[in-house]
Amino acid sequence: MSKVKTSYSCNSCSYKTIKWMGCCPECQEWNSLVEEVIAPAMVIGKAAAVSAGKAAIMTPLRSTPDKPKERMFSGISEWDRVIGGGLMPNSFIILTGDPGIGKSTLLLQISNRLAQKYTVFYFSTEESLQQVHQRAQRLGTINEKLLFSDQADLQTIVTTAQAAKPDIVIIDSIQNCYSNNAQSFPGSVGQLRESAFHLMRLAKEEGITVIVSGHITKEGNIAGPKTLEHMVDAVFYLQGEERWQTRVLRSVKNRFGTINELGFFQMGEQGLEQVPNINEHLMSEASYAPGSALTSVLEGSRPLLLELQALTIESKIGIPQRVVSGVDHKQVVLIAAILEKYLQVRLSAHDIFFKISGGFKVKESAADLGIALALLSSYFQQPLPEKTIVLGEISLTGQIKPINQINTFIREAEKFGVKQLLVARSQKLEKTACKVISITNVYELLSLFTA
Ligand code: TYD
Ligand code: MG
């Protein structure tokens, strides 16, 4: 009898090895390698090729309908827009994000709306139906036509869907599905791959739209293999920080639409509420207090108007604290060093707390000048002029550098009542109604504050 072959696969990054190891050499995760049984290799030979399966029917393209199927709209426009203009029938989609961010809430809300027009089966593999019921009560009325099950057995889910042929199947979450055919625990790489494979076939062969939720690891990947991303038609992330109410829905892959659209929500008492005009909302929340500076960054194809907030306070201990969120902490430390070097402000003796309102994240160096002004505004305890947007990069020598696509930011800022721009002198600008303050280097920043 031939011996069953096993291999070990990392749950976190899908690294494979034939030997078990305590720590994954690829992603350094501990205890993440799980055993998988390798399926016996297919016999490749003439006889096998002849007897394998039935013959395919080859057709010319013109016999395939070229009109796309009608998309399914939930009426929650932030969702409908991001997924590419309504749900594509037959698609297999994953919604992922940190635990507790609101995936189940969003799935329940959209399936509730979709159930008004379509048959929707909701499989809650993670939470009991009682828990789902409690959540549903917070969200208000739940459509009687939306049907639930707490089955997590993949074969049962697939058989149920094949028999009843609903338009949409929701599975919350795929990590908790199990398949009796796979030889490993639910949530392991083997199980996930197996589940995804069957669900993909369910979507394509039965014409059912399948939406699954999935957790992400601390590195931000979908927990389990990258292969999951390749198997699905679209991957959506729900992001934000638990302590902030703003949630951003973004796409990293979408076979049926652009990945540049973003959806904005706020977690409220009654679930996720849409924020259709995020910039209006962000601008209405801007404080214009000392330590606040307005800047703009591109999120996908959309300019966002963000408030940067800094608090500097004389340090009571030897090593000053730097508590930074929303931007790379090194970017803030570097700008503080540049300001200290050229302007003699003693930030090294101050604790620095820094964040971006709404829990947004910024990576662009175009925010350098905004960070510098938020720090100086807090240090001097003087607010910046109101309705002023700050855009520029700062070099190590203290020069203010121009940024890309500035006119896109300015057009958006003008719509929301921005009256003044603070930019690099070398920046080329289109005609604008805003007053422009041009600066060459950080020395000129001091003139914005009274001595
Ligand atoms: P949930 O959808 O369970 O997150 P996930 O499925 O991504 O793990 O959301 C859980 C959080 O949302 C929880 O902290 C409670 C909060 N919440 C509200 O604030 N308001 C609501 O109406 C609901 C349903 C949840
Ligand atoms: Mg959940």
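1. Which residue has a polar backbone atom 2.8 Å from a nitrogen atom of ligand 1? It is G268 whose polar backbone atom lies at that distance from the ligand nitrogen. The protein as a whole covers 77% of the 560 Å² of accessible area that ligand 1 has on its own. A reader new to this structure should keep in mind that the model is predicted.

2. Two further contacts involve oxygen atoms of ligand 1. In the side chain of S104, an N or O atom is 2.7 Å from an oxygen atom of the ligand, while I101 brings a backbone N or O atom to 3.3 Å from an oxygen atom of ligand 1.

3. The shell around ligand 1 holds 15 residues, of which G100, S104, T105, R135 and G271 come nearest. By character, the residues of this shell divide into three nonpolar, seven polar and five charged.

4. It is worth asking which elements supply the shell. Helix 3 (103-114), helix 4 (129-139) and strand 11 (262-268) each supply at least two residues of the shell around ligand 1, and helix 3 gives the most, with three residues.

5. The sheet deserves a separate look. Nine strands form an open sheet with mixed pairing, in the order 6-5-7-8-4-9-10-11-12, and the edge strands, each of which pairs on one side only, are strand 6 (147-149) and strand 12 (271-274). On average, and with direction ignored, neighbouring strands of this sheet are turned by 25° against each other.

6. As an example of parallel pairing, strand 5 (residues 120-124) and strand 7 (residues 168-172) are joined over five bridges, and within this pair F121 stands opposite V169 in strand 7. Helix 3, already named for its part in the ligand shell, packs on the sheet, touching several strands, among them strand 4 (92-97), strand 8 (209-215) and strand 9 (234-239), and its direction makes about 160° with that of strand 5.

7. Antiparallel pairing appears towards the other end of the strand order. Strand 10 pairs with strand 11 in the antiparallel sense over five bridges, and there the bridge partner of T246 is Q266 in strand 11. Strand 11 also pairs with strand 12, again in the antiparallel sense, over four bridges; here Q266 has E273 in strand 12 as its bridge partner, and a hairpin of two residues joins the two strands.

8. Taken together, the points on ligand and sheet meet in strand 11, which supplies at least two residues of the shell around ligand 1 and pairs in the antiparallel sense with strand 10 as well as with strand 12.

Terms used:
Residues are numbered from 1 along each chain as its sequence is written. Chains are lettered from A and ligands numbered from 1 in the order in which they are written. This is a predicted model: local features need pLDDT of at least 70, side-chain atom pairs count only at pLDDT 80 or more; totals for chains, interfaces and linings use all residues. Side-chain values use heavy atoms; hydrogens and water are left out. A residue is near a molecule or strand if one of its heavy atoms lies within 4 Å of it. A polar contact is a pair of N or O atoms within 3.5 Å; within protein, one must be able to donate a hydrogen and the other to accept it, and residues adjacent in sequence count only if both atoms are side-chain atoms. Accessible areas come from the Shrake-Rupley method with a 1.4 Å probe; for residues, only the protein chains shown count as cover. Ala, Val, Leu, Ile, Met, Phe, Trp, Tyr, Cys and Pro count as nonpolar, Asp, Glu, Lys and Arg as charged, and the others, Gly among them, as polar. Two strands pair if DSSP finds at least two bridges between them. Axes are lines fitted to C-alpha atoms, for helices over the stretch in contact, and angles run from 0 to 180 degrees between N-to-C directions. Contact means heavy atoms within 4.5 Å.
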